[in-house]
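The following report looks at charged side chains, their pairing and their exposure to the surface. Please keep the model open while reading.

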Amino acid sequence: MKTLEDLFLHMLKDVYHAEKQAMRAMPKMAKSVESEELREAFKTHQVETEQQVQRLEQIFEMLGKKPRGETCEAIQGLVEEAKEVMDEAEDPDVMDAGILAAAQAIEHYEIARYGTMRAWAEELGMKDAAKLLQQTLDEEKKTDKLLSELAIARLNREAA
């Protein structure tokens with residue numbers, strides 16, 4: 001990587017892979033939780049994630065590149081943590097709190113990546129890409145806020 005554009009493309013591939021991994025993990029996470037509210041939050045975000053992948057594909061197209069992911073070790077680790085909770089939690093309330101925490105870790109990773117990419121897109125004069133990235137960043141923040149509200153309002157207390 002010699003330029004910010006090279007770095008941007010590298011990060012785009014990374015995030016593309018991350019979103020695909022998250023899409024595969026979400027149905028399993030939704031199926032594992034007891035809380036109907038949390039299950040619905042996962043289902044809603046699954047639809048958003050599909051749209052986010054489409055936005056990333058639009059950005060690849062803007063760059064004249066074929067959409068392709070590059071292995072994202074970070075997301076694989078976060079998804080693995082969620083699997084551990086699903087495999088090891090014995091109490092349904094503990095399972096819900098643990099899966100919610102794992103989902104939030106994924107959201108925080110995505111928020112960090114989309115914020116950086118949006119800033120780089122702006123710096124590179126990619127106004128349309130920056131708008132698409134901002135839209136996704138807003139959705140990720142909204143999902144994080146919803147997960148926090150679910151945790152604080154009920155799920156953490158029930159797990160305690």
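## Charged side chains and their partners

At a relative accessibility of 17%, Arg 39 counts as buried, since the limit for that class is under 20% relative accessible area. This value, like the others here, is computed from a predicted model. The partner of Arg 39 is Glu 36, and their side chains meet in a salt bridge with an N to O distance of 2.6 Å. Glu 36, in contrast to the buried Arg 39, is partly exposed, with a relative accessible area of 43%. Both residues belong to helix 2 (residues 36-62), where they are three residues apart, about one turn of the helix.

Side chains of opposite charge can pair when their charged atoms come close. In total, the structure holds eight salt bridges, and the table lists some of them.

| Pair | Closest N and O atoms |
|---|---|
| Arg 39 and Glu 36 | 2.6 Å |
| Arg 154 and Glu 37 | 2.5 Å |
| Arg 55 and Glu 139 | 2.8 Å |

## Bridges between helices 2 and 5

Arg 154 forms a salt bridge with Glu 37. Because Arg 154 lies in helix 5 (residues 127-159) and Glu 37 in helix 2, this pair ties together parts that are 117 residues apart in sequence. Arg 154 is partly exposed, at a relative accessible area of 27%, and Glu 37 is likewise partly exposed, at 44% relative accessibility. The pair is also part of a network of salt bridges in which Glu 37, Arg 154 and Glu 158 are linked.

A salt bridge also joins Arg 55 to Glu 139. Arg 55 lies in helix 2 and Glu 139 in helix 5, so the pair ties together parts that are 84 residues apart in sequence. Are these two partners buried or exposed? Arg 55 is buried, with a relative accessible area of 7%, and Glu 139 is buried as well, with a relative accessible area of 12%.

## A patch of negative charge

Elsewhere, charges of one sign gather on the surface: Glu 80, Glu 81, Glu 84, Asp 87 and Glu 88 form a patch of negative charge. One of these residues, Glu 81, lies in helix 3, which covers residues 73-88. Glu 81 is partly exposed, with a relative accessible area of 43%; membership of a patch requires over 30% relative accessible area and no salt bridge, so the computed exposure of Glu 81 satisfies the area cut-off.

Technical notes
Residues are numbered from 1 along each chain as its sequence is written. This is a predicted model: local features need pLDDT of at least 70, side-chain atom pairs count only at pLDDT 80 or more; totals for chains, interfaces and linings use all residues. Side-chain values use heavy atoms; hydrogens and water are left out. Patches are made of residues with over 30% relative accessible area and no salt bridge: like charges are joined within 9 Å, nonpolar side chains (Val, Leu, Ile, Met, Phe, Trp, Tyr) within 5 Å. Accessible areas come from the Shrake-Rupley method with a 1.4 Å probe; for residues, only the protein chains shown count as cover. A salt bridge is a side-chain nitrogen of Lys or Arg within 4 Å of a carboxyl oxygen of Asp or Glu. Lys and Arg count as positive and Asp and Glu as negative; His and the chain ends are not counted. The place of a charge is taken as NZ of Lys, CZ of Arg, CG of Asp or CD of Glu. Helices (H or I, at least four residues) and strands (E, at least two) are DSSP runs, numbered from the N terminus. Buried means under 20% relative accessible area, exposed over 50%, partly exposed in between (1.4 Å probe, protein chains only).
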